[in-house]
Amino acid sequence: MMEESGTPQKRSHWQRRQFLLRASIVGAGGAIASFIWQKHNISAATQNSVANPREDFGTIPRRMLGKTGVEVSALALGGAHLGNVKDDQVAVRIVQEAVDSGVNFLDNAWEYGKGRCEELMGRALQGGRREKAFLMTKVCTHGRDARVAMQQLEQSLQRLKTDYIDLWQIHEVIYDNDPELHFAKGGVVEALEQAKQQGKVRFIGFTGHKDPAIHLKMLAYKYPFDTCQLPLNCFDASFRSFEQQVLPELNRQQIAAIGMKSLGGDGNALKKGIVTVEEALRYAMSLPVASTVSGIDSLAVLYQNLRIAGNFQPMSAEEMQAVRNRYASYAADGRFELYKTSKKYDGRPGREQHGFPLPQQLKL
């Protein structure tokens, strides 16, 4: 087990939590929620009255989060799409039912929904669920200094109604000069260290979706990150591949991989009938990752993904290669991974910090 920093009270708290975690990686995404609700003929207005068919879910697998000594659920609940849920009660229920069904890894970020997503998750974790959760959020300085990062951390702690974050990750490392900015004197990496020393953060990492070369540049600093979040899906394997280029380096450095965008980010391949949800999620979860993040904004998507994760059987090497071969032609031009080739899916705070216009400001 890793040595834990912070006050004796926090150390004891973390030790109790680790015992609970031991006793006790899927971006299907809220982006496809409306598609699924239409298929099930259930309106969003009736979501909160949907019964929970928990007996169908099975047991969510647990995996080690790299060298941290902590076990997390192979399915993680993404926080961004909670912002798409108009009814706060439904959003809170999504988080609570996920935790109650065995999903202990919760994703979020300071900038999601201008803070609303963290606030919703904080509300959902009251009443004992915080003890069951491995809570991750992201710092969104996008090149600004450690002072801004620490301010964001305090805001995240307040919104999430907690005195510490289990995993704090640098968000959206997607611009070519991001690594230099983050590792510069007084940059966000110094905030990671400070937050750990203060006992406000247990583990640290970084995320990004743009280019494997940028991830590799971050990893070239040989900084002891605990985690790295990256897009992994059956199309990525054949196009500017994080699976082929970044995963091996994470393994070499013993950094836990957290998968995301298992359906290509916007679910367009599903809508076009190119791939099924089950095949896509099963492929992503069969990769050497600790967890796969699923962006969920409806109970229908939650229940669907819980069933897939609860009945998960990893693909064999032969099955995985067959999947890569089957979708190689669709992957070749990046049409189902536009977050790699376009700025359309890049967050507003990052665009503003790097001087890129917002989509609505562009003349087409």
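Me: Which word describes how α12 and α14 lie to each other?
Reply: Keep in mind that this is a predicted model. The axes of the two helices, α12 and α14, cross at roughly 125° and come within 11 Å. An angle over 145 degrees would count as roughly antiparallel, and 65 to 115 as roughly perpendicular. The angle fits neither range, so α12 and α14 are oblique.

Me: How many charged residues are there in the contact of α12 with α14?
Reply: On the α12 side, the residues are E279, R282, Y283 and S286. They meet E319, M320, V323, R324, R326 and Y327 in α14. Sort these residues by class and you get 4 nonpolar, 1 polar and, for the charged ones, 5.

Me: And is the crossing of α12 and α14 left-handed or right-handed?
Reply: Handedness is another way to describe this pair, besides the angle of roughly 125° between the axes. As α12 passes α14, the crossing is left-handed.

Me: How many of the 10 residues of helix α12 are buried?
Reply: A residue counts as buried when its relative accessible area is under 20%. In α12, the ones that pass are V277, E279, A280, L281, Y283, A284, M285 and S286. They pack against β1, α9, α11, β10, α13 and α14. The helix is largely enclosed by the rest of the structure, because its count of buried residues is 8.

Me: What about α3 and α13: at what angle do these helices pack?
Reply: Helix α3 covers residues 88–100, and helix α13 covers residues 299–310. Their axes are 10 Å apart, and the angle is about 15°.

Me: Which term fits the way α3 lies to α13?
Reply: The angle between α3 and α13 is about 15°. Anything under 35 degrees earns one particular label, so α3 and α13 are roughly parallel.

Me: How many nonpolar residues are in the contact of α3 with α13?
Reply: The two helices make a right-handed crossing. From α3 come R93, I94, E97 and A98, which meet L299, L302 and Y303 in α13. The contact has no polar residues and 2 charged ones, while the nonpolar count is 5.

Me: α3 also packs with α4, so which word describes that pair's orientation?
Reply: Helix α4 is made of residues 116–124, and its axis is 8 Å from that of α3. The angle is about 60°. That is not under 35 degrees, and it misses the 65 to 115 range too, so α3 and α4 are oblique.

Me: How many polar residues does the contact of α3 with α4 have?
Reply: The crossing of α3 and α4 is right-handed. D88, A91, V92, V95 and Q96 of α3 touch R116, L120, M121, R123 and A124 of α4. By class, 6 of these residues are nonpolar and 3 are charged, and the polar count is 1.

Me: On to the loops: is K210 buried or exposed?
Reply: K210 sits in the loop between β7 and α8. Its contacts away from its sequence neighbours are I174, F242, Y339, K340, S342, K343 and D346. Its relative accessibility is 10%, and the cut-off is under 20%, so K210 counts as buried.

Me: Which residue's side chain joins that of K210 in a polar contact of 3.2 Å?
Reply: The K210 side chain also reaches a backbone oxygen, that of S342, at 2.6 Å. The side-chain partner at 3.2 Å is D346.

Me: What about T68: which residue's backbone nitrogen does its side chain reach?
Reply: T68 lies in the loop between β1 and β2. T68 is buried, with a relative accessible area of 0%. Its side chain reaches the backbone oxygen of L65 at 2.7 Å. At 3.2 Å, the side chain of T68 reaches the backbone nitrogen of V70.

Me: What is the relative accessibility of R240?
Reply: R240 is in the loop between β8 and α9. This residue has a positive phi of about 40°, although it is not a glycine. It counts as partly exposed because its relative accessibility is 46%.

Me: Which loop holds K261?
Reply: K261 has a positive phi near 55° and is a residue other than glycine. It is partly exposed, with a relative accessible area of 22%. Its place is the loop between β9 and α11.

Notes
Residues numbered from 1 in each chain as written. Predicted model: local features only at pLDDT ≥ 70, side-chain atom pairs only at ≥ 80, totals over all residues. Heavy atoms only, no water. Helix = DSSP H or I, 4+ residues; strand = E, 2+ residues; numbered from the N terminus. Buried < 20%, exposed > 50% of the residue type's maximum accessible area, 1.4 Å probe, protein only. Polar contact = N/O pair within 3.5 Å; in protein donor to acceptor, adjacent residues only side chain to side chain. Contact = heavy atoms within 4.5 Å. Axes fitted to C-alpha atoms, helices over the stretch in contact; angles between N-to-C directions. Left-handed = near helix turned anticlockwise from the far one by under 90°. Nonpolar A, V, L, I, M, F, W, Y, C, P; charged D, E, K, R; others polar. Lists of a residue's contacts leave out its neighbours within four places in sequence.
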